[in-house]
Amino acid sequence: MSTVAHPFRRLLLPAGALLGAAFVGIQFIHPPLENPPVTGDFQAPVAVKNIVQRACYDCHSNQTNLRWFDKVAPVYWQVSDHVREGRAGLNFSTWQSLPPDAQKAKLWEAVNQIIAGAMPLSEYTLAHPAAKVSAQDVAVLKQYVASLAHNPPADSAKLNTAARQYRHWQPAAAKPAAVPVAPNGFAFLPDYKNWQAISTTERFDNGTMRVVFGNAVAVQAIRDKHINPWPNGTAFAKVAWDQLADAQGNVSPSAFKQVEYMLKDDQKYAATKGWGWARFKTDKLVPYSKDALFTTECISCHQPQQHNDFVFTQPINH
Ligand code: HEC
Ligand code: HEC
């Protein structure tokens, strides 16, 4: 009996050896991951810099510091992909080449991604627990982003002009002669002022006030609690005004900054996550961007909400 080897054993041994050999073999498939020179490192107060360095630099800088376990294939392949993609979207080592406004926007996006739990990637923090970002860290980052946006107090002339602009918008802002169209073919929807406001917020980063409006389909979907996914025909408009503070710190809305839209149609807009996106700037309603690629910007910032059909605003239930 004992002379007959168990058939599984017979198979298992060579299989194990094969796997082992394969594991050793793939270690030689190492597309090199270089650390290009640091040309303009991110500058910020130490507390801020420390958080970003600790939690983000491995994927978003040219100072990637791979630990031994990151260097073992197949983990290495995934890690090096993350670093390549991460650097492409945000690189703190070339930070100084971004204009100040773009820096602010990136930081605001970064804080949003952290708050939404999308960054740092959870696959990564699992193996690198030190990179986790605490609530305390988030508070530090938020405060820093807010400090960058500090607007000087406005004088009364400016405040008066602002009030005029706001009043002008409110009842019936001048209808544009021709309906402006965004580069992706999305035509301005003038009706949004009659939609229902579903949230208002003050954005802490750059002194704007904004209101999110929803059309009738959106309002009905909220009533029916059918908001994930939102039904076709749902439209949102996010309107932003600059915000002015007087010497006493009273704030009021001023110049109309922009209106942004999301319009749901899972067929027509299948290529852009089922939503048509558009942004029209200033009271002249100038379409944002020269080409339709701008939608990737919208989507990448809304990405943390992918499990909420890419919508940030969570309606308050009445
Ligand atoms: C393990 C690698 C990794 C770490 C660590 C990491 N990220 Fe990312 N990050 C990525 C990858 C990959 C992408 C692009 C794909 C995606 O969005 O999922 C990305 C995208 C981003 C984007 C969008 C960039 C764009 O395209 O505009 C922001 C913002 C961002 N990360 C912020 C952060 C911040 C802030 C931290 C630190 C708190 C961080 N990330 C840590 C891998 C990482
Ligand atoms: C920097 C990150 C960021 C970018 C880029 C961005 N959004 Fe948003 N968007 C937000 C956030 C955050 C909200 C939630 C409301 C708020 O806090 O202002 C939002 C809300 C909205 C809303 C209201 C519905 C909702 O999701 O709550 C619309 C409409 C909208 N964005 C359209 C756009 C369009 C169109 C673009 C591209 C032209 C765009 N967004 C680019 C961050 C971004």
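Q: Why is Met 119 called partly exposed?
A: Met 119 has a relative accessibility of 30%, and because buried means under 20% relative accessible area and exposed over 50%, with partly exposed in between (1.4 Å probe, protein chains only), Met 119 counts as partly exposed. This is a predicted model, in which local features need pLDDT of at least 70 and side-chain atom pairs count only at pLDDT 80 or more. Residues are numbered from 1 along each chain as its sequence is written, and side-chain values use heavy atoms, with hydrogens and water left out.

Q: What makes His 60 and Met 119 the protein donors of the iron atom of ligand 1?
A: Donors are N, O and S atoms within 2.8 Å of the metal (3.2 Å for Na, K and Ca), and His 60 (NE2) and Met 119 (SD) lie 2.0 to 2.2 Å from this iron atom. His 60 lies in helix H2 (residues 46-60) and Met 119 in the loop between helix H4 (100-115) and helix H5 (122-127), so the pair ties together parts that are 59 residues apart in sequence; helices here are DSSP runs (H or I, at least four residues).

Q: Why is the site of the iron atom of ligand 1 called octahedral?
A: Six donors count as octahedral if opposite donors are over 155 degrees apart and all others between 65 and 115; the site has six donor atoms with angles of 85 to 178 degrees, and is octahedral.

Q: How do you know whether His 60 is buried or exposed?
A: The relative accessible area of His 60 is 13%, and His 60 is therefore buried.

Key: Chains lettered and ligands numbered in written order. Tetrahedral: all angles 85-135°; square planar, octahedral: opposite > 155°, others 65-115°. Helix = DSSP H or I, 4+ residues; strand = E, 2+ residues; numbered from the N terminus.
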